[in-house]
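Work through the following exercises with the sequence and the model side by side. Try each task before reading its solution.

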Amino acid sequence: MGTGEYESAHRVEMPPPQPFINSLKNSLMETFFPDDPFRQFKNQPASRRFILGLHYFLPILEWAPRYSFSFFKADLLAGITIASLAIPQGISYAKLANLPPILGLYSSFVPPIVYAFMGSSKDLAVGTVAVGSMLTATMIGKEVKATENPGLYLHLAFTATFFAGLLMASLGLLRLGFIVDFLSHATIVGFMGGAATVVILQQLKGVLGLNHFTHSTDVISVFRSVFSQTHQWRWESALLGFCFLFYLILTRYISKKKAKLFWITAMAPLTSVILGSLLVYFTHAERHGVQVIGELKKGLNPPSVSDLAFGSPYLTTAIKTGIITGVIALAEGIAVGRSFAMFKNYHIDGNKEMIAFGTMNIVGSFTSCYLTTGPFSRSAVNFNAGCKTAVSNIVMAVAVMITLLFLTPLFYYTPIVVLSAIIIAAMLGLIDYQAAIHLWRVDKYDFVVCLSAYIGVVFGSVETGLMIAVAVSLLRVLLFVVRPKTSVLGNIPDSKIYRSVDQYPSACSVPGILILDVAAPIYFANAEYLRERIVRWIDEEEEKLKASGAISLQYVILHMSGVGNIDTSGISMMDEVKKIIDRRGLKLVLVNPGADVMKKLVKSKIIEKIGNEWIYLTVGEAVSACNYMLHSCKRNNSSDDPETWSSSSTNV
């Protein structure tokens, strides 16, 4: 390699100086405002900014002027379709939450209207969900039994809904939505599958017509409760339940085979309720062990502001329930909304959704509603029915309103076993075994996270499963930080490209040069590990070269493109590595430190100790410089002292 080529190597530039306040501001902006929501307000008059602000919090004001009659026809059909699903599901999920069934209808009336004004998704259909209902039942039920003190239980459910809404809205307003991202896809798959399994097992009470049942959710307690009461099983109830479950599963199978027949699945729960009610009415099955809902109160949602139990000794339980159910509801609702937005190629703002979810739950807690979000089953029906905007939620709410005003007496003879069958059929769709198989094939660790969540929920409790899954996920994050990926780079033959020798077996090591790639920020948590790992790489390389009789190791190149940042512990580690390498008679070379890293290395005088002439922009340039020095030293029979090479390279 010629001298001219060596001298033309590019140098790593120091970033321009920036005040600490500006650096802090930029970091905060990237953390909380990665989508730059204020961009649309720039260079706008005050009146226009006010209108844009209204559009942000009330997206309906943005698209309503463009709303057309053709859109309304599509939304009307979709709204009526999801109402036929929402009414029986609402009653079923309220029973699952150990709340009066009418609350399921209340929760399908007010929250959807609020979401229609504030939500950014065109496809999300709002309502109660099975997992949230079960969490409400288990967490509040541990302290207050719904059968023993129904009034206090109801007030705690409203209070938990209020705090869930407060959490959601706060996360959205403070731009803290990234907290929900700690629930990874694998965690949600395992948690939802476990929760669905628990919900299905809980429905054995309704299917078998049992009056007494365990309040525990783990599979062992449930089976013990079921098989210790075999003398109380009602075959009439079980037969009715299995018949309707078969019907619901069959309609789902038909809809999967032919997507245009989606309405069969959507109408199946309501037709099950109608058929079940008629069957009980004409056969008087309620006298033979088939339990029925009984009377549902007519009328719209009564106010419940005064029912919020802020002064209750169980307030802590309500807050805890609200936080956990709120996070789960957010994760499910935003994931569902983003999934359908992807199909229609539009974007939804996660923080806007949090504000909308939070507001609808706060308003809901004031109007006799409990936790609501965007359930997958209802949203899928809304999507397949061809909805165009959130007006389909308003249509659904109007249909529920009509039901509340005029049709509630018709549900008197609805058998509870039919509601259990509806819940079981819905929950079977949440056990996503195909996703679990995919996780096993792609990432075994994610599969372990998924399985941990599932086992924790099924054999422990919902809270246990959630905590285990989050803990395992955080452990993985910590492992990535504490034990970052490091690798030896080699040269791809006939090129100037350097890649990991583990990934590219054909990559060749460069005689006398060890090239190491550090692919993570260097912090206090991993600094000691990286020091030990670098020293071990050097030891192994020297032993290998000694055994082969090749040229001895002369240079250690650290490729730092992947080092996004470095703290004072990392700087101390770099200083120590420099001293270790010097004591061994080697030379340390750095490649492409980032702007923040370069700035800190200069201020700590690490660059001064290494020498500016040993900082290069690319691995290729660093290797060329090292080779040039090796060849120059060999020709001139110069000393093996690295300081001699340093001064020689300075004079080139």
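**Exercise 1. Describe the protein as a whole, beginning with how much of it is buried.**

Solution. Of the 652 residues in this predicted model, 53% count as buried. The next step is to look at the secondary structure, where the protein has 28 helices and six strands. Turning to dimensions, the C-alpha atoms fill a box of roughly 110 × 65 × 55 Å along the principal axes. Finally, consider the contacts between residues at least 6 apart in sequence: 80% of these join residues that are at least 24 apart.

**Exercise 2. Find out where the predictor's confidence is high and where it is low.**

Solution. Start with the average, since the mean pLDDT of the protein is 84, with 91% of the residues at 70 or more. Then go through the elements, among which helix α7 (residues 110-118) has the highest mean pLDDT, at 95, while helix α28 (residues 642-651) has the lowest, at 39. Next come the stretches with low values: over residues 1-7 the pLDDT stays under 50, and the model gives this stretch twelve contacts beyond four places in sequence. Over residues 637-652 the pLDDT is likewise below 50, and here the model has 26 contacts beyond near neighbours in sequence.

**Exercise 3. Classify two aromatic pairs, and state which of their residues are buried.**

Solution. The count of aromatic pairs comes to 19. Take Tyr 56 and Phe 57, whose ring centres are 5.2 Å apart and whose planes stand at 85 degrees; because planes over 60 degrees apart count as edge-to-face, this pair is edge-to-face. For accessibility the cut-off for buried is under 20%, so Tyr 56, with a relative accessible area of 15%, is buried, whereas Phe 57, at 38%, is partly exposed.

Now take Tyr 555 and Trp 614, with ring centres 5.7 Å apart and planes at 40 degrees, so that this pair is tilted. Tyr 555 belongs to strand β4 (residues 555-559) and Trp 614 to the loop between α26 (606-610) and β6 (615-616), and therefore the pair ties together parts that are 59 residues apart in sequence. Tyr 555 is buried, with a relative accessible area of 0%, and Trp 614 also counts as buried, at 0%.

**Exercise 4. Look for an aromatic cluster and for charges that sit over rings.**

Solution. One aromatic cluster is formed by Phe 162, Phe 163, Phe 310 and Phe 366. As for charges, the charged end of Lys 444 sits over the ring of Trp 440, at 4.7 Å from the ring centre. In another case Arg 533 lies over the face of Trp 537, 3.9 Å from the centre of the ring.

**Exercise 5. Examine helix α21, its buried residues and what covers them.**

Solution. Helix α21 (residues 444-459) has 16 residues and reaches 22 Å from its first C-alpha to its last, which is close to the 22 Å expected at 1.5 Å a residue. Its buried residues are Phe 447, Val 449, Cys 450, Ser 452, Ala 453, Gly 456, Val 457 and Val 458. What covers them includes α10 (185-202), α12 (219-227), α20 (433-442) and α22 (462-482).

**Exercise 6. How many disulfides does the model have?**

Solution. Recall that a disulfide is a covalent bond between the sulfur atoms of two cysteines. The count in this model comes to zero disulfides. Cys 387 counts as buried at 1% relative accessibility, and Cys 450 counts as buried at 6%.

Terms used:
Residues numbered from 1 in each chain as written. Predicted model: local features only at pLDDT ≥ 70, side-chain atom pairs only at ≥ 80, totals over all residues. Heavy atoms only, no water. Phe/Tyr/Trp six-rings, centres within 6.5 Å; stacked < 30°, edge-to-face > 60°. Buried < 20%, exposed > 50% of the residue type's maximum accessible area, 1.4 Å probe, protein only. Helix = DSSP H or I, 4+ residues; strand = E, 2+ residues; numbered from the N terminus. Lys NZ or Arg CZ within 6 Å of the ring centre and 35° of its normal. pLDDT = per-residue confidence, 0-100. Contact = heavy atoms within 4.5 Å. Disulfide = S-S within 2.5 Å. Expected span 1.5 Å × (residues − 1).
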